[in-house]
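This report is for a reader new to the structure. It starts with a group of charged side chains and then widens to the rest of the chain.

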Amino acid sequence: YQRRVHGIKLYKESNMMSYHSAFNAVKSETVCGIPLLPLKTKIKGVAPTQFDETKMDSIDEAIKLFRVNVLFKNFEIKGDGDKLLIFLTVLIQRILEIISSNPAKAEADKNLAKFSMESIQSPGEAGFFMGGIVAKDRPEAENMRFREYLKQVKAETIRRILQLLYGTEVGILDMKYWLQFSKKKFMGLVMKQAQKVPNLPSISC
C-alpha cells in the first residue's frame, strides 16, 4: 500500500508508516552504491550543483522525513536513494547528539566544525555503519569519490541543521523538540566519533 504526501511516497508496512526516498526513481551515477545526487550548496566538492532553489534536494528530503524515519528499527531499501537517505538520517541524529551535549550556539559551531572535518570511512573499513548497505571491493578511485561526496553532504547538512535550529525564526521550544530525537538510533545504526580531531574555527550558519 502506498500514497503520496507532499509529493513524497508514503508506504504502510507492519501497521506503521515508513517514508522512502523520492530519489529512488531518479537515474544517477553511483559511487559504491550511493547515488551522486545534485546538492544545493556552495561548499566545494564532487556533487553536481542543483541550481533550482525551489526544488527539494536529498538533504531537504532527509530533514523533512527525519522525525518519522528515525523512529524505525527496520527499513526496507527500495532503491539507491534510500541508501543515501539512511546515511543522512543517521548523520542528522549524530549532529543533534553533538548539539545536545552543549546547545550554546558558540559551542555547537565549534563542535560541529570539528565533526565536519572527521573523515568518512570507506565501505570496506571495519566498523563503518553503512558497511552492510553500500558496495564493497570497489576501485580506490571510486572509494575516494564516495568519501569526498559524503563529506560534502555532511558539511552541507551541518550548515542546514545549524540554520534550522539557530535561525532567527526558530524558538527555544523548536530546538527542544528537535533535540529530543538526538538519542534515537535509526535502524540501530551509530556514526562513530573519530579518535582524534584537530582544533578548527567554528562553522557559522
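In this predicted model, a network of salt bridges links Lys40, Asp57, Asp60, Glu156, Arg159 and Arg160. The structure as a whole holds 14 salt bridges. As a general point, side chains of opposite charge can pair when their charged atoms come close.

## Salt bridges

Three of the pairs are set out below.

| Pair | Distance, N to O |
|---|---|
| Aspartate 57 and arginine 160 | 2.7 Å |
| Glutamate 156 and arginine 159 | 2.8 Å |
| Arginine 147 and glutamate 140 | 3.0 Å |

Aspartate 57 and arginine 160 meet through their side chains in a salt bridge. This pair links distant parts of the chain, with the two positions 103 residues apart: aspartate 57 is in the loop between β5 (34-35) and α1 (58-69), and arginine 160 is in helix α4 (residues 140-166). Are the two partners buried or exposed? Aspartate 57 has a relative accessible area of 0% and is buried. Arginine 160 also counts as buried, because its relative accessibility of 11% is under the 20% limit.

The salt bridge between glutamate 156 and arginine 159 lies within one helix. The two residues are three apart in helix α4, so about one helical turn separates them. Glutamate 156 is buried, at a relative accessible area of 1%, whereas arginine 159 is partly exposed, at 32% relative accessibility.

In the remaining pair of the table, arginine 147 meets glutamate 140. Glutamate 140 counts as partly exposed because its relative accessibility is 45%, a value between the limits of 20% and 50%.

## The second largest pocket

Several members of the network also appear in the lining of a pocket. Which residues line the second largest pocket? They are Lys40, Thr41, Lys42, Thr49, Gln50, Phe51, Glu53, Asp60, Glu156, Arg159 and Arg160. The space in this pocket is about 180 Å³. Helix α4 gives the largest share of the lining, with three residues. By residue type, the lining divides into seven charged, three polar and one nonpolar.

## The chain as a whole

The secondary structure consists of five helices and five strands. Along the sequence, their pattern is β-β-β-β-β-α-α-α-α-α. The chain has 205 residues, and 46% of them are buried. Among contacts with a separation of 6 or more, 71% are between residues 24 or more positions apart.

## Single residues

Phenylalanine 66 is part of helix α1. Its relative accessible area is 0%, so phenylalanine 66 is buried. Beyond its neighbours within four places in sequence, phenylalanine 66 is in contact with Thr89, Ile92, Gln93, Leu96, Trp178 and Phe181. The C-alpha atom of phenylalanine 66 is separated by 8.7 Å from that of leucine 88, which is 22 residues away along the chain.

Aspartate 137 is placed in the loop between α3 (105-116) and α4. With a relative accessible area of 79%, aspartate 137 is exposed. Its C-alpha atom and that of glycine 124 are separated by 6.8 Å, and the two residues are 13 apart along the chain.

Cysteine 32 has a phi near 55°, a positive value in a residue other than glycine. It sits in the loop between β4 (30-31) and β5, and cysteine 32 is buried, with a relative accessible area of 0%. Methionine 187 is not a glycine either, and its phi is positive too, at about 60°. Methionine 187 belongs to the segment after α5 (172-179) and is partly exposed, with a relative accessible area of 23%.

## Confidence

The mean pLDDT of the chain is 87, and 83% of its residues reach 70 or more. Where does pLDDT stay under 50? One such stretch is residues 1-14, for which the model has 34 contacts beyond four places in sequence. Another is residues 195-202, with 11 contacts beyond four places in sequence. Where pLDDT is low, the predicted coordinates should not be read in detail.

Terms used. Residues are numbered from 1 along each chain as its sequence is written. This is a predicted model: local features need pLDDT of at least 70, side-chain atom pairs count only at pLDDT 80 or more; totals for chains, interfaces and linings use all residues. Side-chain values use heavy atoms; hydrogens and water are left out. A salt bridge is a side-chain nitrogen of Lys or Arg within 4 Å of a carboxyl oxygen of Asp or Glu. Helices (H or I, at least four residues) and strands (E, at least two) are DSSP runs, numbered from the N terminus. Buried means under 20% relative accessible area, exposed over 50%, partly exposed in between (1.4 Å probe, protein chains only). pLDDT is the predictor's confidence in each residue, from 0 to 100. Contact means heavy atoms within 4.5 Å. On a 1 Å grid over the protein atoms alone, a cavity is a set of points where a 1.4 Å probe fits but cannot get out, and a pocket is an open set with protein on both sides within 12 Å along at least five of seven lines; lining residues have an atom within 4 Å of a point. Grid points are joined across faces, edges and corners, and a volume is the space filled by probe spheres set on the points. Ala, Val, Leu, Ile, Met, Phe, Trp, Tyr, Cys and Pro count as nonpolar, Asp, Glu, Lys and Arg as charged, and the others, Gly among them, as polar.
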